[in-house]
Amino acid sequence: DRSNVDVRMRGFSARTTVEAAVEWIDSVLPDFSQLATEDISLAEAASRVLACNVTSGVNVPNFARSMMDGYALRAEETQGASSYNRLSLRILGTCLPGNAFASRVGAGEAVRIMTGAPLPVGTDAVLPVEETEIDGETVLVLNPVSPGKHVGQVGEDIRIGDLVQHAGRVLRPQDVGVLSSIGIRKVTAVRRPRVRILITGNELLPAGTPPVDFQIPDANGPMLSALVRRDGGESIPFDIIPDDPEAIHHAFLQQADVVLVSGGSSVGQEDFVPKLLADHGELVIHGIAMRPSSPTGMGRIEGTLVFLLPGNPVSCLCAYDFFAGRAIRALGGRARDWPYRRISARLSRKLISTVGRVDYARVIVRGDEAEPISIGGASILSSTTRADGFVVVPADSEGYPPGAEVDVHLFS
């Protein structure tokens, strides 16, 4: 029971492991089948998560069509053709995309045809224009073609009843194109989780404001908003909240799927947030055995997941990546693991850690080597922009010697 726990000016008596914190997050997240959904237009579908399977009700293509600019003809009438043995066919007319040719094509006849146009009745192949010569209203065949050559057959791409897209797929631009090709105008997508970002601190100025006297511009708000969008969430517009318990409590109660609180989560005199969450909701975890981000907390209030993120920018980023981002991705139907590409690299110098905590070490990658920047420096946000990625040092490790192979999670 954490309802009576107030660590301000006293420090943490114990810290939760990273693994235990992740297990708690996973235990309270709904299954995919339980996620909220919404119908959206195809124009909005790119990068959204499909909530249910899509099967095709049509063939693609649904008619035999030319795949080349050339001449539609009977393949058997081109056999034996060469540049030394030109075979001639009478040109009946032209077939353009979107319109069927008006008459049947008979023996000794051909139709000029454009890419995408329906194959005229009586023909079974298309001879590319590069393999012909024209003599008035006659086409001279320079090469033979086989039946079906350069013809897109009915259902060649997609057949009626085919499973076109799986539930859970993050739709790419080409996926949207395929859905359009089978006549889909709307899709059922997983609703994007609504995330309320609460930025606390009397010392903070609005984002993008030049520093004045002893006040600093908010860096965490824009960073968290961008991270939420990256992970498929919808960031609710936010304001900076003063270090006032009543104002923070009121902000807690505004509707959202997830609340991210930046600042006020540690053990300082004005770090009210953990006690507020414990008094009015459920503070499950406060204090995690990791560096940076040890003051991270998490819990629930009226069914809403709440993550208490440190105010120091690097700690805020780290805590989001380890915990809050995992929940937001899962609530939006996405993979829970980090959305970072991982590579293997050799350490250019020693990476020191402390047994008993997880370390988040920023590194610069040069070729096949990774150079540690710093494990500390939780307020130095520029360390994350100088870095190409990070290495996670597990709690049971004292670090790695020079030349050790490590996994690097790339920011880009």
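Which residues does W338 touch, not counting residues up to four places away in sequence?

## Surroundings of W338

In this predicted model, W338 touches D321, F322, R329, F390, V392 and H409, when residues up to four places away in sequence are not counted. W338 itself belongs to the loop between α6 and β23. One of these neighbours, D321, also offers its backbone oxygen, which the side chain of W338 reaches at 2.7 Å.

W338 has a relative accessibility of 24% and therefore counts as partly exposed, since the buried class ends at 20%. V355 follows 17 residues along the chain, and the C-alpha atoms of W338 and V355 are separated by 24 Å.

## The aromatic cluster

W338 is a member of one aromatic cluster, formed together with F322, F323, Y340, Y360, F390 and F411. The count of aromatic pairs comes to eight. In one pair, the ring centres of Y340 and F390 are 5.5 Å apart and the planes meet at 85 degrees, so the arrangement is edge-to-face; the class requires an angle over 60 degrees. Because Y340 lies in the loop between α6 (313-331) and β23 (342-347), while F390 lies in strand β27 (residues 389-393), this pair ties together parts that are 50 residues apart in sequence. Y340 and F390 are both buried.

Y340 also pairs with F411: the ring centres are 5.9 Å apart and the planes stand at 85 degrees, so this pair is edge-to-face as well. Here, too, distant parts of the chain are linked, for Y340 is in the loop between α6 and β23 and F411 is in the segment after β29 (405-410), 71 residues away. The accessibility classes of the two residues can be stated with their values. Y340 counts as buried because its relative accessibility is 11%, whereas F411, at 23%, counts as partly exposed.

## Packing of helices α1 and α6

Two members of the cluster, F322 and F323, also take part in a meeting of helices. On the α6 side, F322, F323, R326 and A327 meet V18, A21, V22, I25 and D26 of α1.

Helix α1 (residues 18-28) packs with α6 at an angle of about 15 degrees, and the two axes are 10 Å apart. The two helices are therefore roughly parallel to each other, as angles under 35 degrees fall in that class. The crossing in which α1 passes α6 is right-handed.

How values were computed. Residues are numbered from 1 along each chain as its sequence is written. This is a predicted model: local features need pLDDT of at least 70, side-chain atom pairs count only at pLDDT 80 or more; totals for chains, interfaces and linings use all residues. Side-chain values use heavy atoms; hydrogens and water are left out. Rings of Phe, Tyr and Trp (its six-membered ring) pair if their centres lie within 6.5 Å; planes under 30 degrees apart count as stacked, over 60 as edge-to-face and the rest as tilted. Helices (H or I, at least four residues) and strands (E, at least two) are DSSP runs, numbered from the N terminus. Buried means under 20% relative accessible area, exposed over 50%, partly exposed in between (1.4 Å probe, protein chains only). Contact means heavy atoms within 4.5 Å. A polar contact is a pair of N or O atoms within 3.5 Å; within protein, one must be able to donate a hydrogen and the other to accept it, and residues adjacent in sequence count only if both atoms are side-chain atoms. Axes are lines fitted to C-alpha atoms, for helices over the stretch in contact, and angles run from 0 to 180 degrees between N-to-C directions. Angles under 35 degrees count as roughly parallel, over 145 as roughly antiparallel, 65 to 115 as roughly perpendicular and the rest as oblique. A crossing is left-handed if the near helix is turned anticlockwise from the far one by less than a right angle, and right-handed if clockwise.
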